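Subject: Structure handover

Hello,

Here is the structure for your files. My notes on it follow below.

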Amino acid sequence: MRIRIVDAFAERVFAGNPAGVVLLDAFPGDGWMQNVAMEVNHAETAFAHRLPEGADADWALRWFTPVTEVAMCGHATLATAHVLSTTGAHPGPVRFATRSGVLIATPGADGSITLDFPTAPLTRVDAPDGVAEALGSEPVAVFDTGPDVGDLLVELADEKTVLGLSPDHRALGAYSERGIIATARAEDPAGGYDYVSRCFFPNVGIDEDPVTGSAHTALAPHWSARLGSDDLTGLQASRRTGLVRTGLRGDRVLLTGRAVTVIDGELLTP
């Protein structure tokens with residue numbers, strides 16, 4: 001079977017967030033998919049198969065990190081939609097049946113893809129004891145992002161603070177189900193983005209995720225409320241970096257980005 005590596009939320013190769021994509025006739029055992037994700041060793045590997053006519057969605061989709069299955073993944077969904085669109089397997093909008101409900105991906109005429117995801121419910125909480133020490137900076141505000149995202153969103157003083165973080169990854173795992181989203185307002189409003197973030201997910205085997213679509217379902221409502229606009233652009237400032245355009249639409253968030261196929265090969269494991 002074919003396996004592809006796709007850089008998602010990227011304008012060029014070796015940027016954004018790489019994801020494995022495997023298209024199947026049906027889902028095999030969970031152990032096999034977990035082993036393939038471990039072998040690929042990217043933040044997520046997506047597995048998808050076509051659903052029969054008349055189903056509530058077009059394709060079933062699941063995501064695995066190298067150590068566990070996750071309930072939501074933006075960049076691997078974008079990568080899968082890119083593969084379906086560019087190979088002709090499913091041109092046009094595609095509905096994915098997932099653990100987070102039906103997620104829709106719509107290719108644009110300019111080559112971008114827009115994902116329609118549920119908006120994360122944000123609840124302001126007190127900063128947990130020790131989180132400032134583990135992160136390496138004192139929070140301005142802390143929010144729980146709800147069960148689908150499973151992170152703490154931590155707003156910091158400024159962009160320079162976010163860029164300079166060198167956290168204790170092991171210690172961060174004590175504070176949420178998946179990890180920590182660290183964010184701040186962009187220092188230069190003319191720089192092409194409105195806010196900056198970094199994402200640390202030690203509990204799913206990812207010390208720092210390059211570009212995280214699911215995190216932007218929480219970042220979008222947070223910064224839309226703060227900045228007074230429903231349509232913003234976020235920069236995830238990992239080593240690879242990536243831009244995510246976000247559109248807040250009530251209980252849904254539109255996440256727009258591009259993707260590039262880097263590797264197209266054959267998976268030999270039975």
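How many bridges join strand S3 to S4, and do they run parallel or antiparallel? There are 6 bridges between S3 (residues 44-50) and S4, and the two strands run antiparallel. Please keep in mind throughout that this is a predicted model.

Strand S4 and its partners

S4 covers residues 59-64, and 6 of its 6 residues are buried. In a regular strand, side chains point alternately to one face of the sheet and the other. Both faces of S4 are covered: Trp59, Leu61 and Trp63 are buried on one side, and Ala60, Arg62 and Phe64 are buried on the other. Note that Arg62 is among the buried residues.

S4 pairs with other strands as well. With strand S6 (residues 94-98) S4 runs parallel, joined by 2 bridges. With strand S5 (residues 69-70) the pairing is antiparallel, again over 2 bridges. The link from S4 to S5 is a hairpin of 4 residues.

Some individual bridge partners may help when you look at the model:

- Arg50 has Trp59 as its bridge partner in S4.
- Trp59 has Phe96 as its bridge partner in S6.
- Trp63 has Val70 as its bridge partner in S5.

Nonpolar cores

Two residues from these strands come up again in the packing. The largest nonpolar core has 50 residues, and Trp63, Phe96 and Leu115 are those with the most contacts inside it. Helix H2 (residues 74-87) gives this core its largest share, 6 residues. A second core, separate from that one, has 19 residues, including Leu152, Val162, Leu172 and Leu235. As a general point, nonpolar side chains in soluble globular proteins tend to be buried together.

Which residues does Leu115 touch, leaving out those up to four places away in sequence? They are Phe9, Gly74, Thr77, Leu78, Ile104, Ala105, Val253, Leu254 and Leu255.

Cysteines

A search of the whole structure for disulfides returned 0. Cys73 is in none, and the nearest cysteine sulfur to its own is that of Cys199, 11 Å away. Why is there no bond from Cys199 to Cys73? The sulfur of Cys73 is the closest cysteine sulfur to that of Cys199, but at 11 Å it is too far for a bond, because a disulfide needs the two sulfur atoms within 2.5 Å. Both cysteines are buried: the relative accessible area is 3% for Cys73 and 0% for Cys199.

Overall figures

The protein has 6 helices and 18 strands. The radius of gyration is 18 Å, which agrees with the value near 18 Å that a compact globule of 270 residues would have. The C-alpha trace spans about 50 × 35 × 35 Å along its principal axes.

Of the 270 residues, 54% count as buried. The exposed area of the protein is about 11500 Å², and carbon and sulfur atoms supply 49% of that area. Among contacts with a separation of 6 or more, 62% are between residues 24 or more positions apart.

Regards

Note on methods. Residues are numbered from 1 along each chain as its sequence is written. This is a predicted model: local features need pLDDT of at least 70, side-chain atom pairs count only at pLDDT 80 or more; totals for chains, interfaces and linings use all residues. Side-chain values use heavy atoms; hydrogens and water are left out. Buried means under 20% relative accessible area, exposed over 50%, partly exposed in between (1.4 Å probe, protein chains only). Two strands pair if DSSP finds at least two bridges between them. The radius of gyration is taken over C-alpha atoms; the globule rule is 2.2 Å times the number of residues to the power 0.38. Contact means heavy atoms within 4.5 Å. Accessible areas come from the Shrake-Rupley method with a 1.4 Å probe; for residues, only the protein chains shown count as cover. A nonpolar core is a set of buried Ala, Val, Leu, Ile, Met, Phe, Trp, Tyr and Cys residues joined through side-chain atoms within 4.5 Å.
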